[in-house]
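The following exercises are to be worked with the sequence and the model at hand. Attempt each task before reading its solution.

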Amino acid sequence: MGGGRKRRRRDGSDAPPVMHPRNRYAASAPDFAALAALYPSFAPFVAVSGGGRASVDFTDFAATRELTRVLLLHDHGVNWWIPDGQLCPTVPNRSNYIHWIEDLLSSDLIPPISNSSETVRGFDIGTGANCIYPLLGASLLGWSFVGSDVTDVALEWAKRNVESNPHLAGLIEIRNANEAPCSSKPETVAEEAVRENISEPVDGVVRSIAPIFVGVVKDSESFDFCMCNPPFFESMEEAGLNPKTSCAGTAEEMACPGGEQAFITHIIEDSVSFKNSFRWFTSMVGRKANLKLLVSKVREAGASVVKTTEFVQGQTARWGLAWSFIAPRKNAIRSSTPGKVHHSFMLQGLRRGNGAFQVLKSAEAFFCASNLSCKTDSVSFSIDVTLSDEQTQAARLDGDNLPGSVEDDPTKLHSTVTGASFRISVFEQMPGTLLIKGSLLNKSLSGTFTSLFSQLEETLKTELVSKDR
Ligand SMILES: C[S@@+](CC[C@H](N)C(=O)[O-])C[C@H]1O[C@@H](n2cnc3c(N)ncnc32)[C@H](O)[C@@H]1O
């Protein structure tokens, strides 16, 4: 963020636009000089170079906090403050996550939850003293939120920030996840142990992760999504201090046992018990290596849809992970046009480290997550995917009765329906470019095959292809 500066790649070339296109700062960065002229309290933090370029010292906590305060006030009509030392959010970066959720909600990949109201309802896990996501989501899009947290200072200041904005106060409720008073959902032994063990922090870092949803989400409640900017680090030493910024952050905000991987794993585990309470589960992920691992965990947990994205935050990349247990819409599962028996697509611009083998493994994980049986041959770089008899039968009952299926062959009309199968093959065309081919092996359920293949294409492109393209 800052003074219209373009992000530079390591090789010195200009990177393409990095903000979400609906982010109000995508076209032009905040104008520090204009804001300084309007807000005298901000002026002392703005330096103007000989060339007339206005800048802010992002290593100065007071400067970044004042910038966030004036941006929220000027551009969003939000009154806001945090005490010294609390994590200070940058408004343009936090807005990207909100707009990505907006995209997820408006995609017709999965149907809306049955008892959803007109107002979109979100749950912000770890809202912090800054309460930034509820304030942005409510002011930008009119969403309502429950924001949870566990520390006294976060709960007190999140509430203050809500109360300072009477026009939004009716949309935001803050809950203490440590109190967790109101659920009759069964608690596992592990959850009980966690609850009993959250007492006193050691060196400011909590000893174990408090409940995420258990006892915080009420039995009758449903949400369109949850979101989370988790504590990324295992310790404050690991968090270090980024010399280029001073977003600060206390130990409770920045670190937890096991770092983000443990925290998000906890969300994934909880999401299984709360699969009917949320349409989308989402979290920010700080490390790419963790993203891959967490995608596998989400799939193992049985999610029916998994999406990822990359957010670029100044010089730092972060990732978004989203999953749902809601069955994809029929038109997302099967093509409405007659299915074909052969499909192919190219994967170009694979991120470094992603070759044919990784693509094969990701494709295998994709089909396994859909509970399809996979036989992978890593010599010929192919996977044979088979639907169970029950899955085949269910797809046929859904209307996928296609040329070659039993309906067209009177001799088979009363025969047992056996599992449809197809083969996915990965070919290296040239370094960095792969061709993925799919062929239906027994000519039944071509609509299902067509739809699964297009979902595979979207998943592999999202997970493995560089966003810089
Ligand atoms: C990195 S901060 C995020 C704050 C804010 N959402 C933001 O984006 O700036 C993580 C927050 O999670 C809170 N937290 C830790 N464990 C939690 C739990 N089990 N439930 C809810 N919040 C938790 C911490 O107290 C901290 O405020």
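**Exercise 1. Determine which backbone atoms lie close to nitrogen atoms of the ligand, and which residues surround the ligand.**

Step 1. A backbone N or O atom of Gly-126 is found 2.8 Å from a nitrogen atom of the ligand. This meets the rule for a polar contact, namely a pair of N or O atoms within 3.5 Å; within protein, one must be able to donate a hydrogen and the other to accept it, and residues adjacent in sequence count only if both atoms are side-chain atoms.

Step 2. For Ala-210, the distance from a backbone N or O atom to a ligand nitrogen is 3.0 Å. For Pro-211, a polar backbone atom is 3.2 Å from a nitrogen atom of the ligand.

Step 3. The ligand is surrounded by 21 residues, counted when one of their heavy atoms lies within 4 Å of it. The closest are Arg-94, Gly-126, Asn-130, Asp-149 and Asn-229.

The model is predicted: local features need pLDDT of at least 70, side-chain atom pairs count only at pLDDT 80 or more, and totals for chains, interfaces and linings use all residues. Residues are numbered from 1 along each chain as its sequence is written, and side-chain values use heavy atoms, with hydrogens and water left out.

**Exercise 2. Describe how domain 1 and domain 2 meet.**

Step 1. An automatic or database assignment sets the domain bounds: domain 1 covers 87-180 + 211-324, and domain 2 covers 342-394 + 419-465. Their centres, taken over C-alpha atoms, are 31 Å apart.

Step 2. Eight residues of domain 1 and 10 residues of domain 2 take part in the contact, which requires heavy atoms within 4.5 Å.

Step 3. The buried area (accessible area, 1.4 Å probe, lost when two parts are put together, summed over both) is about 840 Å², with carbon and sulfur atoms giving 38%. On the side of domain 1, Lys-288, Arg-299 and Thr-308 lose the most area, together 54% of what that side buries.

**Exercise 3. Identify the salt bridge between the domains, and one further salt bridge of the model.**

Step 1. A salt bridge is a side-chain nitrogen of Lys or Arg within 4 Å of a carboxyl oxygen of Asp or Glu. Side chains of opposite charge can pair when their charged atoms come close.

Step 2. Between domain 1 and domain 2 the count is one salt bridge. Lys-307 and Glu-458 form a salt bridge through their side chains, at 2.1 Å from N to O.

Step 3. The rule gives 13 salt bridges. Among them, Glu-221 pairs with Arg-121, with the closest N and O atoms 3.0 Å apart.
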